[in-house]
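This report covers a metal site and two pockets. Please keep the model open while reading.

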Amino acid sequence: MSVLIKNGRIVTAAEDYIADLFIEVDKIAAIGKNLPHKADREIDASGKLVLPGGVDPHVHLEMPFMGTYSSDDYETGTRAAMFGGTTTVIDFILQTQGDSLRNALKTWQKKSVGKAIGDYSYHMAVTDFNDEVAKEVVEFIEQEGITSFKTFMAYKGALMIDDGQMVQLMKVVKEHGGLVTVHATNGDVIDSLIAKHLSEGKTSPLYHYRSQPEVTESEATARFTDMLHFTGCTGYIVHLTCEGAMNAVRRAALRNQRVFVETCPQYLMVDASVYDNDFEGAKWVMSPPIREKKDQKALWAGLQQGLVNSVGTDHCPFTWEQKLLGKDDFSKIPNGHPAIEHRMELMYSEGVKKGRISLHKFVEVTATNPAKIFGMYPKKGTLAIGSDADVVIFDPEKHHTISKENHHMNADYSSYEGWQVTGKTETVFLRGQLAIEQGECHLKPGSGQFVKRGKTSYTV
Ligand code: URP
Ligand code: ZN
Ligand code: ZN
């Protein structure tokens, strides 16, 4: 199968020009003006952007969490991602405390193989570090193509590791060229604030927000970067939300550290007033919580300054019935929201269209940098000869409205219900196969492949 996409505006992290793009089987085979190639399929992309398929570095599919499972599995989650122009996702395997990384990997392979519609990889979440796990970390880097190790500084009793384990993990990961990623919030302080609020009868979603003040994130972020400094390891902070944490990263940069930072659309675009509306706020119960307007400003500045390197979704959807588990106790509301489908369109509409970031920056943070940081570049994350033909044709002027009525995620509400967005993913190819066209998904479960990753490219 060959495809010729004609006259599109080709946009990468570095380039922007009108040209044709030729796909042969699963790879990009040529890019240039007036290509002479004959193809099985020709598409006129005049007036459209031609972008690399998005890479979402932070999703949770069918994840066991807070007594339930996130409601998108590999099929529904990667399909929804595809509708939004994201062709590759990185999910999190969770080690069960007391068990091996290998067993966790087998569990996640059962969830994904034969089911995924889009391409995927895994971060390995180390929740219980010891000498046996240290050996497995090396095997994962050298043999499995899993080169990033997630840690949690919160969720004690289920996912959190202590600082001693963190430092030991960092030493092994550094020695073998991997990356330690972190959910950086102070779990002990959060747990004490949750207990205090509940003892005072404060049970609504607002107290989820008040149990995780900015200091719980800025302190943990500084502690994490200090531990990176001590061990010489390179780190990646997931879902960074606030000015204090951003400044901790700035201080690390002053010591010449290389710390990668991810934020998410919700932290750039939504403020904590969403918690004012009683239980409606459960739609935005996630950790860390949505913050203040001044934090949004700091995050957009971080993107502009190159301190924020990537934008993931932290897609962790639950149905409304699942959210109701916390009707009388905010600490039982499953943390997370449906987002995998909207990342590219929200970042284009709120970022590029509103003049906050350039088109190049948009591609850089939604595709190129995640691919580079997590060792998938240039197979993924760019439009170049020899790269996987993961290609998005994007209509930059199309207006549409986000709604649970038209999204493809397995969630019966949308946090973004009624949001007006400019720019829409129109057509998507995954490794040369037609994935999305005219609002239909053409790929079957099992079309998605596991992406074996290499070592991080430390310069982005
Ligand atoms: O609230 C969130 N973020 N849920 C998913 C788990 C995590 O902490 O990333
Ligand atoms: Zn997290
Ligand atoms: Zn997450």
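## Zinc site

In this predicted model, His 183 (ND1) and His 239 (NE2) coordinate the zinc ion (ligand 2) at 2.0 to 2.1 Å. The two residues are 56 apart: His 183 sits in strand β12 (residues 179–183), and His 239 in the loop between β13 (235–237) and α8 (243–254). Both His 183 and His 239 are buried (under 20% relative accessible area, 1.4 Å probe, protein chains only).

The site of the zinc ion (ligand 2) is irregular, with angles of 57 to 151° among its 4 donor atoms. Donors are N, O and S atoms within 2.8 Å of the metal (3.2 Å for Na, K and Ca). Four donors are tetrahedral if all angles lie between 85 and 135 degrees. The zinc ion (ligand 3) is 3.8 Å from the zinc ion (ligand 2).

## Largest pocket

The largest pocket holds about 550 Å³ of space. Its lining has 32 residues, and Phe 65, Met 66, Tyr 155, Ala 158 and Leu 159 are the closest to its centre. α2 gives the largest share of this lining, 5 residues.

## Second largest pocket

The second largest pocket holds about 320 Å³ of space. Of its 19 lining residues, the closest to its centre include Glu 345, His 400 and Lys 424. β16 gives the most to this lining, 4 residues.

## Conventions

Residues are numbered from 1 along each chain as its sequence is written, and chains are lettered from A and ligands numbered from 1 in the order written. Local features need pLDDT of at least 70, side-chain atom pairs count only at pLDDT 80 or more, and totals for chains, interfaces and linings use all residues, while side-chain values use heavy atoms, without hydrogens and water.

Helices (H or I, at least four residues) and strands (E, at least two) are DSSP runs, numbered from the N terminus. A pocket is an open set of points on a 1 Å grid where a 1.4 Å probe fits, with protein on both sides within 12 Å along at least five of seven lines; lining residues have an atom within 4 Å of a point.

Definitions and conventions: Four donors count as tetrahedral if all angles lie between 85 and 135 degrees; four count as square planar and six as octahedral if opposite donors are over 155 degrees apart and all others between 65 and 115; anything else is irregular. Buried means under 20% relative accessible area, exposed over 50%, partly exposed in between (1.4 Å probe, protein chains only). Grid points are joined across faces, edges and corners, and a volume is the space filled by probe spheres set on the points.
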